[in-house]
Amino acid sequence: MEHLERCAWFLRGTLVRATVRRHLPWALVAAMLAGSVVKELSPLPESYLSNKRNVLNVYFVKLAWAWTVCLLLPFIALTNYHLTGKTSLVLRRLSTLLVGTAIWYICTALFSNIEHYTGSCYQSPALEGIRQEHRSKQQCHREGGFWHGFDISGHSFLLTFCALMIVEEMAVLHEVKTDRGHHLHAAITTLVVALGFLTFIWVWMFLCTAVYFHDLTQKVFGTMFGLLGWYGTYGYWYLKSFSPGLPPQSCSVTLKRDTYKK
């Protein structure tokens, strides 16, 4: 438990800071652009991480939203109830996960439709010989073809959105103080460590996506949708009274709004 508490202490001092929340979006944009430049001008040699079947991609990134929801749900419930003691407020704050799920579903469906309507089926990865008879990606792959369309990076979108959402929700730790004797101490500490490591995985895999996969334009659009999903909620809508609201903090909504404007 002592090692877990040290990890939690370290994460409180990094991810929970307001400067991290303020600069992380810009850091992700910079990483995406820098990684894309490396991919185009000086491609890195193939490695384990460039293989789409690596462990982090298969068991974490492919299930990124499920991991994020599964850890944020108990974290939001425990920390918000600990601070307010109000079940109604906890349920209201948990609705952020429903909003996030709607954003995830709408964006991924949109990306899929864009790839479908802009794509064609080819006989080879070199985009030779269009197969006009196959008008969907599923049918094309089933018949051994290769579908090529404008494939907005779902990884760039989802990893951006998940990382920023976790960091926003962890801001509540400024107010949560539990000693070792408190009945929620172990649970909250464990969740802090799990969410912290999950955030580092999302950021690391976001960088790997920038370096190894997709074209620049596809990653720009993916990252942009992730940023819009985050800012449209935490930077705008959640500041309003008719919304799931922000994590309980001593600072006022005005100060929070000022943070986003800087």
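These are some informal notes on the predicted model above, running from the first helix to the core, the cysteines, the aromatics and the record's annotations.

1. Start with helix H1, which spans residues 2–12. Glu5, Ala8 and Leu11 are its buried residues. Looking down the axis of H1, you'll find the buried residues within an arc of 120 degrees, so they line one face of the helix. That fits the usual spacing: an α-helix has 3.6 residues a turn, so residues three or four places apart point the same way.

2. Now turn H1 around. The face pointing away from the buried side carries His3, Arg6 and Trp9, which are exposed. As for what sits over the buried side, the cover includes helix H8, residues 185–212. Cysteine 7, in between in numbering, is partly exposed, at 30% relative accessible area.

3. Which residue ties H1 to the rest? Have a look at valine 192: setting aside residues up to four places away in sequence, valine 192 touches Ala8 and Leu11, and also Phe75, Met170 and Leu173. Ala8 and Leu11 are two of the buried residues of H1, and valine 192 is itself among the best-connected members of the largest nonpolar core.

4. That core has 57 residues. The members that touch the most others are Leu72, Phe75, Phe157, Met170, Leu173, Val192 and Trp202. Seven elements are worth colouring here, since each gives two or more residues to the core: H1, H2 (18–41), H4 (64–84), H5 (87–118), H7 (154–169), H8 and H9 (216–236). Which element gives the largest share? Helix H8 does, with eleven residues.

5. On to the cysteines. How many disulfides does a search of the whole structure find? Just one turns up, between cysteine 121 and cysteine 140, with the sulfur atoms 2.1 Å apart. The link is right-handed, with 80 degrees about the S-S bond. The pair joins distant parts of the chain: cysteine 121 belongs to strand S1 (residues 120–122) and cysteine 140 to helix H6 (residues 137–142), 19 residues apart.

6. Is this disulfide pair buried or exposed? Cysteine 121 counts as buried at 1% relative accessibility, and cysteine 140 counts as buried at 0%. Also in this neighbourhood, histidine 141 has its C-alpha 8.5 Å from that of cysteine 121, with the two positions 20 residues apart in sequence.

7. Cysteine 70 is another story. Why is cysteine 70 not bonded to cysteine 162? The closest cysteine sulfur to that of cysteine 70 is the one in cysteine 162, and at 12 Å this is too far for a bond. Cysteine 70 is also exposed, with a relative accessible area of 56%.

8. The aromatic count comes to ten pairs. One of them is phenylalanine 157 with phenylalanine 161, a stacked pair with 6.2 Å from centre to centre and 5 degrees between the planes. Both residues lie in helix H7, four residues apart, or about one turn of the helix. Phenylalanine 157 counts as buried at 0% relative accessibility, and phenylalanine 161 is buried too, at 2%.

9. Compare tryptophan 237 and tyrosine 238. Their ring centres are 5.5 Å apart and their planes sit at 45 degrees, so this pair is tilted. Here the two partners sit in contrasting settings: tryptophan 237 is partly exposed, with a relative accessible area of 32%, whereas tyrosine 238 counts as buried at 3%.

10. Phenylalanine 157 deserves a second look. Along with phenylalanine 161, this residue belongs to an aromatic cluster that also takes in Trp65, Phe111 and Phe225. Phenylalanine 157 is also one of the core residues that touch the most other members.

11. Last, the annotations. An unreviewed UniProt entry places "transmembrane region" at residues 58–78, 90–111, 152–172, 184–214 and 220–239. How do the spans look in the model? Residues 58–78 are 81% helix and 0% strand, with the end C-alpha atoms 30 Å apart. Residues 90–111 are 100% helix and 0% strand, and there the end C-alpha atoms lie 32 Å apart.

Key:
Residues numbered from 1 in each chain as written. Predicted model: local features only at pLDDT ≥ 70, side-chain atom pairs only at ≥ 80, totals over all residues. Heavy atoms only, no water. Buried < 20%, exposed > 50% of the residue type's maximum accessible area, 1.4 Å probe, protein only. Arc of directions from axis to C-beta. Contact = heavy atoms within 4.5 Å. Disulfide = S-S within 2.5 Å. Core = buried A, V, L, I, M, F, W, Y, C linked by side-chain atoms within 4.5 Å. Phe/Tyr/Trp six-rings, centres within 6.5 Å; stacked < 30°, edge-to-face > 60°. UniProt positions renumbered as here; feature names shortened; annotations may be inferred.
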